Structures are given as structure tokens and as C-alpha cells.
Amino acid sequence: MKSELIVDVQPKEVSIALLEDGRLVSLQKESRNIAYAVGDIYVAKVKKLMPGLNAAFVNVGYEKDAFLHYLDLGPRFATYAEFLKQLFPSQDGDKEKKAQKGIPDLSKIKLLPDIDKHGTISDRLVSGQELMVQIVKEPISSKGPRLTTEISFTGRYMVLIPFSDKISISQKIKTTGEKLRLRRLIESIKPRNFGVIIRTSAEGKSVAELLHEMQTLKKCWEDTIAKARTATVPSLIFEEESRIVGMLRDVFSPSFESIHVNDAEIMTQIRNYVSLIAPDKADIVKLYSKPEPIFDSFSITRQIKSSFGKTVSFKSGAYIIIEHTEALHVIDVNSGNRAKAGTDQETNALDVNIRAADEIARQLRLRDMGGIIVVDFIDMNKVEHRQALYDHMREIMANDRARHNILPLSKFGLMQITRQRVRPALDIVTTEECPSCHGKGEVKPSLLFTDMLKEKLAYLVNDLKQKDFILYVHPFVDAYLKKGIISLYRRWRMEFGSRFRVMADESLAYLQYKVLDKQRNEIDLKEEKDLDKASTEKTKSKTKNRVS
């Protein structure tokens, strides 16, 4: 199977698409200025205790207070609390005085017994108390972030956990000898009072590679503590050096044949990261420099538009309908044209359900759907067919990195799936709002759209003095502008000089356009409304002349 990673870097967001044999199987989008992301560490203050929920609301600076449950304090909270007393010796004291007292050394602190997992939040926290917390779930809908006091630092090969001494090994490492080697190795290099989770990617790695990452993660802890000592509550004290590299760390696999990036700076970051973890794979990172949008070039835009709607079709005319609610996701399987096939009803139902299961597994990864998912499959009477569908769903979901649980079909033909939800589900609207009327029902004559584009070009070239910019339009408009030997596009270039290009962009609506400069920053046409008004007046004038 050919695996490719396509990274689309835009000024405001980054999108990473994973293709398997050219088919889109995973899509991640993240704002470049996102706050309160998973893994971020904050110095925060307890705002309110909620004994009825056995939890506390904590101020981390977000508009909604973050949620910290008693179980998220972790078993080592007593040691953690003792360390914070040394880190913050006076809750309301001068930060500069605190800094002068030095930073406590975790390796010299005695680990205290685990706290009672059946205890209450009031026994451990008080209102106004300063904490060091880490975000484990981003804000979703009307809810604030969810927190933990079990701080951890994630690397490629391991996770470093302060206030612990336990070593855990990924269950995906099957070889007993390799498990023993890794355990002995980590025991010999890990700092005192730090626990370690050995990740699957550590299998077969050398002492030097693991030691280097251990030292890097330890340095992250030391820098975080130093920053926490003088930070103003609430404030961010740790985040990934590059969110893009953080996203890549979770999806990267040595089996990738190529990684295409459309930004030189980000490409260098990714290549340096790949060189660190897989030196022999550094050459697979390539810079995409064509003017055509990178997602259009790899047919990703088309797949997004066909895969993220309410109705998703798959082979043989069958389709699924996906509905989202606050509490769960509901998926309905329909046979569509497949119902006309010549096979008997039971065989036809099994075939459609198996194909639907493949698409559902893809959709769960693609949309990053989490929580409770209820699937209404086509009814099947035979027990062996129902078991075959259940076994098939478990098999194809085995590659899903998110934790999940699948229950057998109920007597009503429903399958219940729970899937780990860390971020909001990726919900891309595939229907297009008319850029001319914005849903009001009245549009400008599409025949005169080219006249308006010409006025925009004149404004950009003559008034804004722009050079080497690209005008992106819908593919149909692009084809119209470039048809014929002496096309409109060629005439415009002769009139305004060869200082711009017109390119197709499949993500744009029919009468929509955008302009990017040579640094790929979008040009804001401040006088756009005035130009539109002038275009309207011109349209009215032409209409009057035609009538006359």
C-alpha cells in the first residue's frame, strides 16, 4: 500500500492529509494560532469546588473555566502537591522572591503513597490554590478544556512522567526479549522520580537514540518548572515548539513513501524532524512549488467534498447518512441502487453492510468522530452473518489509533461504538453558499462576472501596484477565461502586462475568487464593495443601452 502525507500550509491554518493508494483516509486541520491545545501546560488557579461532581473548576484563562475531576488528579497527587509547596512557597507572595529561593529538585523529593482513588476533591484542593495543569481535552462546543495534574512530556519513543517511578511498555511490542532490553535500558538512563511509557516506535532503537530523547524531555520539564516559578496566574508555561511537528509525530510512519509540503520553512522543520527519527527517510520530504493548490493537485479537495457531506456514497450505489447530535453520532446504512441486484436479500444485506463497515471505519478516522456512535445496519436474520459483520468491523478498526470499543449487533440491528474524543469532530460543510447573494436568492448576471474580474485586475495592477500575484477562480471560470487561441486571459495579460496568473481552485464556489501575492498571502481588496457597486452600476447601464 502506497502511503503519502500531504501538508497544506496556509496563513491561518495547517491541514495534513494521509493518502493510502491515493485515497484520503485521514485529515487533520489545526489553526496556526490555536490556544488551549492538548498537551499544553498552564499555571492555573482553582476557582470553585464542586463536591457534587467531585471536581473543580479551574481558571486557565479560557472564557469557560476548565474542568478538573478528582480522578484526573492522579494517584501521585500527594507528591505533586508537596512539590508545588516548594515551587510556590507563598500563594500570594512576590514572584521575584519566589524565584530567588531556587527551583526544587524533583529527584531529591521523597515519593509519597498514592492517594485514595475513592477520595473527595475537597480533601485535596481549596479555592484559590495554584496548580500546574495539563490540557487533556480541548474546548468542545460550550464546554471548557479538561485538565489533569498528571503532567507528561511526549516524545517519539517515550513519554516522560514526573512524580512517578513506573516503567510501562507498549502492548504492541510483542517480543519478550525486546521488552526486557528496553526495560533494562530505560531503568539505567531515566532520572529518579520520573516514570516512563515506552512507545511502540522505540522497538529496536539504540541506547544513544533513547538517551538523547530522554535528555530532551528532561530539559522540557526543567524549562517548564523554571517558567512556572515566575509566571503570572493563569499563563501558558509549555507548548510544542512546532504544532505542525507535533501533529506529524502522531501520524508519521517509516512506511511513508513521500511527504509533500507547500511551505519552505515548514518543509525544513519536517525534514529536520524526519532526519532525527528516521535519517534514511529524510529525502521523502519534498517541497511542493507549483501554483496549483496542493490539495487540488493530489485530488484531495474533490475527496473532501464527496466525503464530508451528510450523505456519503460508496460502491455499488449504496450510501450512508451521518447525523451529529450533542450526545452521539448516528449512522444509517442504505442499500440504494444495490437493492436491485439479483442476489437474495440476506446475501445482499451482508454485502452492503460489509462495504458500509469499511466506509464507516474510514469516516471515523477522517472526521475524528468520538464519543458514542450508533450504526443502524441493514437487518440480517442469520446469526453467522451478524457475527461476520461484527468480526469485520473489529478487524478494520484495529488500525485506528484512537481508543475504541465495539459491541455486537443488538436484536434491532444496531451496533454501538465508543471512540476516544480528544478534539472536536472535524465537520466540513460541503454545500456552497452563493458568494453573490449570500443566500438571498438574487444574483448578479454570471455573464458579467468576467467584467468584474477585469476591474479587480485593473485595481490590483494600477492602484495597488501589485506584481506577480495569482488570481484563483472556480475551474469552470478558469476554463472559460482560457478557451480559444486569443483568450480573455491572454488579452488581459497583454493589457495589464504579464505580471499575474489565473489558476483554478476546486475549493472555491462558482462565482468566488481570491488573490494571493508571491508570498502566498491573501490580498485584502479594501475597495471591493465600491468595485462591486461600480460593477452593478455598469450592469444597469449596459442593460439600459441594450433596451434602447
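This briefing covers two sheets, the helices on them, one buried loop residue and some backbone outliers. The model is predicted. One open sheet has five strands in the order β3-β2-β1-β14-β15, and another has six in the order β16-β17-β18-β19-β21-β20. Helix α9 (residues 345-367) packs on the six-stranded sheet and also touches β2 and β3 of the five-stranded one.

**Five-stranded sheet**

- Pairing in the open sheet β3-β2-β1-β14-β15 is mixed.
- The edges are β3 (23-31) and β15; each has a single partner strand, so one side of each lacks a neighbour in the sheet.
- From one strand to the next, the twist averages 20 degrees.
- Strand β2 (residues 13-20) pairs with β3 in the antiparallel sense, over eight bridges. Within this pair, Ala-17 is opposite Leu-27 of β3.
- Strand β1 (residues 3-9) runs parallel to β14, with four bridges between them. Glu-4 is placed opposite Ser-258 of β14.
- β14 is also paired in the parallel sense with strand β15 (residues 285-287), through three bridges. Here Ile-259 has Val-285 of β15 as its bridge partner.
- Strand β14 (residues 258-261) is covered on both faces. Ser-258 and His-260 are buried on one side, and Ile-259 and Val-261 are buried on the other.

**Helices on the five-stranded sheet**

- Helix α8 (residues 300-307) lies across β1, β2 and β3, and its direction is at about 90 degrees to β3.
- Helix α9 packs on this sheet through β2 and β3, with its direction at about 20 degrees to that of β3.

**Six-stranded sheet**

- The open sheet β16-β17-β18-β19-β21-β20 has mixed pairing.
- Its edge strands are β16 (311-313) and β20 (404-406), each of which pairs on one side only.
- The average twist from one strand to the next is 20 degrees.
- β20 and strand β21 (residues 414-419) are antiparallel and joined by three bridges. Asn-405 has Thr-418 of β21 as its bridge partner.
- Helix α9 packs on the sheet and touches β16, β17 (319-324), β18 (328-334), β19 (371-376) and β21. The direction of α9 makes about 40 degrees with that of β17.

**Helix α10**

- Helix α10 (residues 383-396) has 14 residues. From first C-alpha to last it reaches 20 Å, close to the 20 Å expected at 1.5 Å a residue.
- His-385, Leu-389, Tyr-390, His-392 and Met-393 of α10 are buried. These residues cover an arc of only 160 degrees around the axis, and therefore lie on the same side of α10.
- An α-helix has 3.6 residues a turn, so residues three or four places apart point the same way.
- Val-383, Glu-384 and Glu-395 are exposed on the other side of α10.
- The cover over the buried residues of α10 includes α9, β20 and β21.

**Asn-193, a buried loop residue**

- Asn-193 belongs to the loop between α3 (176-189) and β12 (194-198).
- Asn-193 counts as buried because its relative accessibility is 5%, under the 20% cut-off.
- The side chain of Asn-193 reaches the backbone oxygen of Ile-109 at 2.7 Å.
- Leaving aside residues up to four places away in sequence, Asn-193 touches Leu-106, Ser-107, Lys-108, Ile-109, Leu-111, Ile-161, Pro-162, Phe-163 and Ser-164.

**Backbone outliers**

- Most residues other than glycine have a negative phi, and most peptide bonds are trans.
- The peptide bond from Val-233 to Pro-234 is cis, with omega near -10 degrees. Pro-234 is in the loop between α4 (207-230) and β13 (235-238).
- Ser-299, which is not a glycine, has a positive phi, near 60 degrees. Ser-299 sits in the loop between α7 (294-297) and α8, and at 40% relative accessibility Ser-299 counts as partly exposed.
- Asp-368 is not a glycine either, and its phi is positive at about 55 degrees. Asp-368 is in the loop between α9 and β19, and its 27% relative accessibility makes Asp-368 partly exposed.

Key
Residues are numbered from 1 along each chain as its sequence is written. This is a predicted model: local features need pLDDT of at least 70, side-chain atom pairs count only at pLDDT 80 or more; totals for chains, interfaces and linings use all residues. Side-chain values use heavy atoms; hydrogens and water are left out. Buried means under 20% relative accessible area, exposed over 50%, partly exposed in between (1.4 Å probe, protein chains only). Helices (H or I, at least four residues) and strands (E, at least two) are DSSP runs, numbered from the N terminus. Two strands pair if DSSP finds at least two bridges between them. Axes are lines fitted to C-alpha atoms, for helices over the stretch in contact, and angles run from 0 to 180 degrees between N-to-C directions. Contact means heavy atoms within 4.5 Å. A polar contact is a pair of N or O atoms within 3.5 Å; within protein, one must be able to donate a hydrogen and the other to accept it, and residues adjacent in sequence count only if both atoms are side-chain atoms. The expected span of a helix is 1.5 Å times one less than its number of residues. The arc is that of the directions from the helix axis to the C-beta atoms.
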